[in-house]
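Dear colleague,

I am handing over the structure below, together with some notes on what was found in it. Please read the notes with the coordinates open.

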Amino acid sequence: MVIFVAFLLMYLTSLSGNTTIAIIVHINHSLHTPMYFFLANLAVLEIFYTSSIAPLALANLLSMGKTPVSITGCGTQMFFFVFLGGADCVLLAVMAYDRFVAICYPLRYTLIMSWSLCVEMMVGSLVLGFLLSLPLTILIFHLPFCHNNEIYHFYCDMPAVMRLACADTHVHRTALYIISFIVLSIPLSLISISYVFIITAILRIRSAEGRHRAFSTCSSHIIVVLLQYGCTSFIYLSPSSSYSPEMGRIVSVVYTFITPILNPLIYSMRNKELKDALRKALGKF
C-alpha cells in the first residue's frame, strides 16, 4: 500500500506538472516560439508515455500482482510505450538542433526554425517512433509463449516478455538490440554534435552574462537527455547475459515514473521565462 501511494503520487505529480507546462505554453503568447513548442510537445508525450504504464502498474500493486492482462493488451501497451519512448528520444535530438540554431545562428534563427519546419520535425519524431515500434512489437508477439505466463515486471517491457517465450529468442534479442541502438545512438550522436558547436559558440561570447544565459537555456535539456538516455541505454543496450530482472525493474521506475516528474521541474526551475509565465498565470487566480 505504501508503494502504491508513492507510485500514485508520482503519477499524479507527473500528470499535473507536464499538463501545467503544456497549458502555460499554449495560453502565453510570449512562449509561442520553437523552443517552447517542442517543450510543450515533450510534456504531452510524457503524459501519454507515463499513462501507457502507470494504470496497469498501480492496479498490479493493489492486487499484489494478480491483475491479468491479455496478450492483446500486453502488445498494445508495449507498442505505445516503445512508440512514445522512441518519439521522445528523437524529439530530444530535435530540441538540441533548435538550441544549436538559436545559439550558433541567432540572426537567422526565425528564418531557419520556421513553424512549418517545427511541425514537420514534430510529426517526423512521431512517425519514426511508430515505424520503430510496430515491427518490433509484431516480431515479439509472434513468439510462442509457455504456460508460465507471469511477467516479472510491472508492465509489458520487451526483455521481460521475451523471457516467457518457449522458442529461441536470439533473433528477437538481436532485433531489439539493433533497434534500441538506432533509437538511442543516432539521436544521442546528433545531440552530442550539436552541443560541441553550441559550447564552442558560447565560449566565444565575451560577456559573462551572455554566456550564463546561453548555458542556462541548454543545461535543462542536457540534464533531461542524461536521465532519459542513461536509463534506457542500461535496459536495452546491456548484453542479455547480464540482464537482471530486479535491476531492470528499478531502472524502469526511474524513466517511467521519476523522469516524467523531473522534466517539468528541471525546465521550470532553470527557465526564467517559463517561471515568469507560471507566476503570471497563478497571479490571475
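In which helix is V123 found? V123 is found in helix α6, which spans residues 115-140; helices here are DSSP runs of H or I with at least four residues, and strands are runs of E with at least two, numbered from the N terminus.

Before going further, please note that this is a predicted model, in which local features need pLDDT of at least 70 and side-chain atom pairs count only at pLDDT 80 or more, while totals for chains, interfaces and linings use all residues. Residues are numbered from 1 along each chain as its sequence is written, and side-chain values use heavy atoms, with hydrogens and water left out.

Helix α6 and the surface

V123 counts as partly exposed because its relative accessibility is 43%, where buried means under 20% relative accessible area, exposed over 50%, and partly exposed in between (1.4 Å probe, protein chains only). V123 is also one of the residues of a nonpolar surface patch of about 560 Å², made together with V119, V127, F130, L131, L134 and I138. Patches are made of residues with over 30% relative accessible area and no salt bridge, like charges being joined within 9 Å and nonpolar side chains (Val, Leu, Ile, Met, Phe, Trp, Tyr) within 5 Å; the accessible areas come from the Shrake-Rupley method with a 1.4 Å probe, and for residues only the protein chains shown count as cover. As general background, an α-helix has 3.6 residues a turn, so residues three or four places apart point the same way.

M122 has its place in helix α6 as well, but M122 counts as buried because its relative accessibility is 7%. Between the C-alpha atoms of M122 and I182 there are 18 Å in space, and the two residues are 60 apart in sequence.

Cavities

The count comes to two cavities of 30 Å³ or more, and the largest has a volume of about 220 Å³. Of the 18 residues lining this largest cavity, V82, G85, G86, V183 and Y236 are the closest to its centre. On a 1 Å grid over the protein atoms alone, a cavity is a set of points where a 1.4 Å probe fits but cannot get out, and lining residues have an atom within 4 Å of a point; grid points are joined across faces, edges and corners, and a volume is the space filled by probe spheres set on the points.

At least two residues of the lining are supplied by each of α4 (71-104), α6, α8 (170-204) and α9 (208-236), with the largest share, five residues, coming from α4. The lining has 12 nonpolar, six polar and no charged residues, where Ala, Val, Leu, Ile, Met, Phe, Trp, Tyr, Cys and Pro count as nonpolar, Asp, Glu, Lys and Arg as charged, and the others, Gly among them, as polar.

Salt bridge and further residues

The structure holds one salt bridge, a term that stands for a side-chain nitrogen of Lys or Arg within 4 Å of a carboxyl oxygen of Asp or Glu. The partners are D98 and R99, whose closest N and O atoms are 3.1 Å apart; D98 counts as buried at 1% relative accessibility, and R99 counts as buried at 9%.

F80 is found in helix α4 and counts as partly exposed at 37% relative accessibility; F80 and G129 are 49 residues apart in sequence, with their C-alpha atoms 9.3 Å apart in space.

T169 lies in the loop between α7 (158-162) and α8 and counts as buried at 9% relative accessibility, and its C-alpha atom is separated by 8.1 Å from that of L143, 26 residues away along the chain.

With regards

Conventions: On a 1 Å grid over the protein atoms alone, a cavity is a set of points where a 1.4 Å probe fits but cannot get out, and a pocket is an open set with protein on both sides within 12 Å along at least five of seven lines; lining residues have an atom within 4 Å of a point.
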